[in-house]
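Student: I'd like to practise reading a structure feature by feature. Could you take me through this one?

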Amino acid sequence: MTDMKAQESSYKTDELIARDIDAYLLKHQHKSLLRFITCGSVDDGKSTLIGRLLYDSKMIFEDQLAALEADSKRVGTQGQNIDFALLVDGLAAEREQGITIDVAYRFFSTENRKFIVADTPGHEQYTRNMITGASTADLAVILIDARKGVLTQTRRHSYLVNLIGIRNVVLAVNKMDLVGYDQDKYEEIVADYAKFAESIGIKAFTPMPISGFMGDNITTKSANMPWYQGPTLMAHLETVELDVAADQVRPFRMPVQWVNRPNLDFRGFSGLIASGVVKPGDAVRVLPSGKTSTVTRIVTLDGDLQQAVAGQSITLCFADEIDCSRGDVITLADAPVQVADQFEATIVWMADEALTPGRAYWLKIGTQTVSASIHAPKYQVNVNTLEHMAAKTLELNAIGVTNIATDRPIPFEAYEQNRTLGGFIVIDKMTNATVGAGMIHFALRRSQNVHWQALDTSRETHANLKNQKPAVLWFTGLSGAGKSTIANLVEKKLVRMNRHTFLLDGDNVRHGLNKDLGFTEADRIENIRRVGEVAKLMTDAGLIVITAFISPFRSEREMVRQMMQPGEFVEIFIDTKLADAEARDVKGLYKKARAGELKNFTGIDSPYEAPENPEIQIDTSKITPEQAADLIIERLIP
């Protein structure tokens, strides 16, 4: 009997433990998550502060602590004491130099909140790394060494924090132990920073004196600074309002990520709510189309909801069958976002290769990816002095203001109002590498005042009148390859076949339409863009357009291809070896280029990017121009 009671008591104890674990896990699951960054000048103690937070929040296992103690003695910078920075500085180069290079993310948790902290580098050459870390942050801890005060890098990071749109800023005056916990020194630094913060638009910040190494005002109030009456750093992090809470009071916006159609009886539109609140019965508008409907259901994996708020992933069902697809934005019907195709924006350039003005890049904003052309910068910002400087391009880590034109209207909001619909990344079309990040300021007025005029006579009508299929025969190759010669023969043969054609020759176009352009990389890109637009208009008129241009860059040839209807762009590579083209040199251009009299000449001091998959490739060393023309005609009109 006694054994049975003991066993029953054991079962009850296990059941209580299981309930406690379930309750703890449930509470942990529903804790709010704060993402924040630490930034400041080199050796201001960013990594040490994060290490202290991890240590004090008991997020370090015994084996990690033992390794930390061993590493501190071997490569630490604090003598025989624990070097908390080593918990974060993971790269060998960081440990050797005692600096942060890459962005280091760490997770920790307290009773009240979960945290993801990003330790961002302080050096100017790693600006792109800091932008990456700050892009998802709700709060920034800007550290200042109490011995040094406000430095150039402090100003730069504060500018970047404000540029990215982080509203919650903590000014942590660190290493107070090294200035004897001097209140006057602390207040002097805070006053100095306050003047600068006001000048760049930081409306409010929370100052606090700390010592990351000694633990003063990190998780507990410091006895060394009784004059400080504010919260500890941890207390502030646990109670500060999150951006998602502020987003919930804004108008409803949800970029569509996926059209959810598992069967014939269900059609919904899935996405993450960027801002606002939505309920069944709400009238909504889908942009850019402007179609309206009413929400009938809010569907989630856990069942239907009566209300959804910013930060939740949901599926919306509508009362009407309206066109809505990935990249569209669902808003309240009476509070839509703007739609435009030209903007002013700030861009942070993050690639080793400089921005090429006029070149087409992919621009990803929200869930939509569009082709966009970035104009030459209006000015570049010197992030150390905030001076506006003239610039023709943007180099690695540079920040500039420029105009952007997309290939179609997109729904957006200014970045300061909505980071999801105002922030974007720039992607190189050829490498698919992310080369920049940007923030939209506003739509250009001309994008709102210039509209497409509906025309009754379609491009199909024009083509039918000419009894032909429009096309662009794009001849590309080195100077002297024979492009113009073969293109001219092709046009003569097509005319004999009663085809309606027009030949755009590279040299001829530069006598008029492109008379203002030179031969720099940017001018070459603009040259091809203009010709592409003209060719597009001609195909709309039903013509077969023949072009003969060096067009040395793949990305620009691809840009023209994207302008045309599918199947209408025919890339013809006139493949001639450089030695053969130079031997012909009918115009004497190679001779001038070799002598240094002609700069940016393709094949000599400017590259030519040969087509990778042209529709037609002509090897001029094997066939004559006449034979090449016949071959092209045969491929074009079997």
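Tutor: Sure. Let's start with a hairpin: strand S20 and strand S21 (residues 387-389) run antiparallel and are joined by 3 bridges. Keep in mind that this is a predicted model.

Student: Which residue stands opposite glutamine 380 in S21?

Tutor: Methionine 389 is the one facing glutamine 380. Now look at the turn: the hairpin has 4 residues between its strands, and leucine 386 takes a positive phi near 65° there.

Student: Which other strand does S20 pair with, and in what sense?

Tutor: Strand S20 (residues 379-382) also pairs with strand S22 (residues 399-412), in the antiparallel sense and over 3 bridges. On that side, valine 381 stands opposite isoleucine 399.

Student: Back to that phi. What sign does phi have in most residues other than glycine?

Tutor: Most of them have a negative phi, and most peptide bonds are trans, so a positive phi or a cis bond is worth a look. Asparagine 397 is one case, with a phi near 75°. You'll find asparagine 397 in the loop between S21 and S22.

Student: And where is asparagine 432?

Tutor: In the loop between strand S23 (423-427) and strand S24 (434-443). Its phi is near 60°, again positive in a residue other than glycine.

Student: Is asparagine 397 buried or exposed? And what about asparagine 432?

Tutor: Asparagine 397 has a relative accessible area of 14%, so it is buried. Asparagine 432 has 57% relative accessibility and therefore counts as exposed.

Student: Which residues does the cis peptide bond join?

Tutor: Leucine 287 and proline 288, with omega at about 15°. Proline 288 sits in the loop between strand S11 (283-287) and strand S12 (291-300).

Student: Let's do a sheet. In what order do the strands of the open sheet come?

Tutor: For an open sheet, read the order across, then look for the edges. Here 6 strands come in the order S2-S3-S1-S4-S5-S6, with mixed pairing. Strand S2 (104-109) and strand S6 (206-209) are the edge strands, each pairing on one side only. From one strand to the next, the twist averages 25°.

Student: In what sense do S1 and S4 pair?

Tutor: Strand S1 (residues 32-40) and strand S4 (residues 139-145) pair in the parallel sense, over 5 bridges. One of the bridge pairs is cysteine 39 with isoleucine 142 in S4.

Student: What does helix H2 touch on the sheet?

Tutor: Helix H2 (residues 46-56) packs on the sheet and touches S1, S2, strand S3 (113-119) and S4, with its direction at about 150° to that of S1. Helix H7 (residues 183-200) lies across S4, strand S5 (168-174) and S6, running at about 145° to S5.

Student: Now charges. How many salt bridges are there?

Tutor: The count comes to 23. For each one, check the N to O distance, then ask where the partners sit in the sequence. Arginine 530 and glutamate 526 form one, with their closest N and O atoms 2.8 Å apart. Both lie in helix H15 (residues 521-540), 4 residues apart, about one turn of the helix. With a relative accessible area of 19%, arginine 530 is buried, and glutamate 526 is buried at 19% as well.

Student: Which glutamate does arginine 459 bridge to?

Tutor: Glutamate 568, with 3.0 Å between the closest N and O atoms. Arginine 459 is in helix H12 (residues 459-466), while glutamate 568 is in the loop between helix H16 (554-563) and strand S28 (569-575), so the pair ties together parts that are 109 residues apart in sequence. Arginine 459 counts as buried at 18% relative accessibility, and glutamate 568 is buried with a relative accessible area of 5%.

Student: What does the side chain of arginine 557 make a polar contact with?

Tutor: The side chain of glutamate 571, at 2.7 Å. Arginine 557 lies in helix H16 and is buried, with a relative accessible area of 2%. Leaving out residues up to four places away in sequence, its contacts include Trp474, Phe569 and Tyr608.

Methods. Residues are numbered from 1 along each chain as its sequence is written. This is a predicted model: local features need pLDDT of at least 70, side-chain atom pairs count only at pLDDT 80 or more; totals for chains, interfaces and linings use all residues. Side-chain values use heavy atoms; hydrogens and water are left out. A salt bridge is a side-chain nitrogen of Lys or Arg within 4 Å of a carboxyl oxygen of Asp or Glu. Helices (H or I, at least four residues) and strands (E, at least two) are DSSP runs, numbered from the N terminus. Buried means under 20% relative accessible area, exposed over 50%, partly exposed in between (1.4 Å probe, protein chains only). A polar contact is a pair of N or O atoms within 3.5 Å; within protein, one must be able to donate a hydrogen and the other to accept it, and residues adjacent in sequence count only if both atoms are side-chain atoms. Contact means heavy atoms within 4.5 Å. Two strands pair if DSSP finds at least two bridges between them. Axes are lines fitted to C-alpha atoms, for helices over the stretch in contact, and angles run from 0 to 180 degrees between N-to-C directions.
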